[in-house]
Amino acid sequence: YINDAKRRLRSMPDLKIIGITGSFGKTSTKHYLARILSEEYDTLITPGSFNTPMGVVRTVRELLKPYNQVFICEMGAKQIGDIKEICDIVHPQYGIITAVGPMHLETFKSIDNVCRTKFELADALPGDGLAVINNDSDPCAARPVDNVRALRYGIRNLAGCDYIATDIHYTPFGTTFTVKGPDGLAIEMETRLLGECNVSDLLGAIVIALQMGMKPAQIRSAVASIEPVEHRLSI
């Protein structure tokens, strides 16, 4: 099954593959990125909690279509080597690392092992790939990436960030914020989502969308239309 999934992916050399991992935030980031990219690209995501090698292989074999242009692959892990195993199957060109935290310590044993495993995604990217990293997560901010181009984003820990979200305001209708980046980039955003965590997850997705050539107006429109997950900070 793994070899068949690899064969299917090899038969689509123009497919853009984006890996997303992190101790938290990866599922939200996956959905937000899919909504934004779908303005421009035919996009497939790993459904539900299909973030294991078996889930990823099933997604490729059962859901991937020849006309898909982007595959967003959520990558979960409970021990060292889990992310590398998925990367060896799908070979992502882009990667988002949303956070490193004290999850699954019963198998990881230490935060250092969690960090090492999450960054297997960055380590697996090709030389012309791109890693997008959340600098608000202290272990992420402290972990250098020198094998591939890396862009860092944040809301609180702005030192070393390429993209930041500022002017965050909450209203009865949702949240407004401004994305600022290189070369004077400033995009005002409105979203129905609430909470700094959602702004952070949106920011990671926006960085990828900009790097994939999407126009600010497209991104702004998509962000404004994203609905909250049912029963999760919904108004």
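Me: Along strand β9 of this predicted model, which side chains point to the buried face?
Reply: The model is predicted, and β9 covers residues 186-191. Its side chains alternate between two faces. A186, E188 and E190 point to one face and are not buried. The buried ones, on the other face, are I187, M189 and T191.

Me: What is the bridge partner of F177 in β9?
Reply: Strand β8 spans residues 174-180 and runs antiparallel to β9, with 6 bridges joining them. The two strands form a hairpin with 5 residues between them. In the turn, D183 has a positive phi of about 60°. Across the pair, the β9 partner of F177 is M189.

Me: Why is one side of β2 and of β9 left without a neighbour in the sheet?
Reply: The open sheet has 9 strands, in the order β2-β3-β1-β4-β5-β6-β7-β8-β9, with mixed pairing. One side of β2 (43-45) and one side of β9 lack a neighbour because each of these strands has a single partner and stands at an edge.

Me: By how many degrees are neighbouring strands of this sheet turned against each other on average?
Reply: The sheet in question is the open one of 9 strands. With direction ignored, the average turn between its neighbouring strands is 20°.

Me: Which residue in β4 stands opposite I18?
Reply: Strand β1 (residues 16-21) and strand β4 (residues 94-97) run parallel and are joined by 4 bridges. In β4, the residue opposite I18 is Y94.

Me: At about what angle does helix α2 run to β3?
Reply: Helix α2 takes in residues 26-37 and lies across β1, β2, β3 (70-74) and β4. Relative to β3, the helix runs at about 170°.

Me: Which helix gives the most to the largest nonpolar core?
Reply: That core has 40 residues, and I18, L33, I36, L37, I72, I206 and I219 touch the most other members. The top contribution, 9 residues, comes from residues 196-211, which form helix α9.

Me: Which residues of the stretch 43-46 does I72 contact?
Reply: Neighbours within four places in sequence are left aside here. The contacts of I72 include I18, I20, K30, L33, A34 and L37. In the stretch asked about, they are T43, L44, I45 and T46.

Me: Is G129 buried or exposed?
Reply: G129 sits in the loop between α7 (120-124) and β5 (130-134). Leaving out residues up to four places away in sequence, G129 touches Q93, V148 and R149. The relative accessibility of G129 is 6%, and the cut-off for buried is under 20%. G129 therefore counts as buried.

How values were computed
Residues are numbered from 1 along each chain as its sequence is written. This is a predicted model: local features need pLDDT of at least 70, side-chain atom pairs count only at pLDDT 80 or more; totals for chains, interfaces and linings use all residues. Side-chain values use heavy atoms; hydrogens and water are left out. Buried means under 20% relative accessible area, exposed over 50%, partly exposed in between (1.4 Å probe, protein chains only). Two strands pair if DSSP finds at least two bridges between them. Axes are lines fitted to C-alpha atoms, for helices over the stretch in contact, and angles run from 0 to 180 degrees between N-to-C directions. Contact means heavy atoms within 4.5 Å. A nonpolar core is a set of buried Ala, Val, Leu, Ile, Met, Phe, Trp, Tyr and Cys residues joined through side-chain atoms within 4.5 Å.
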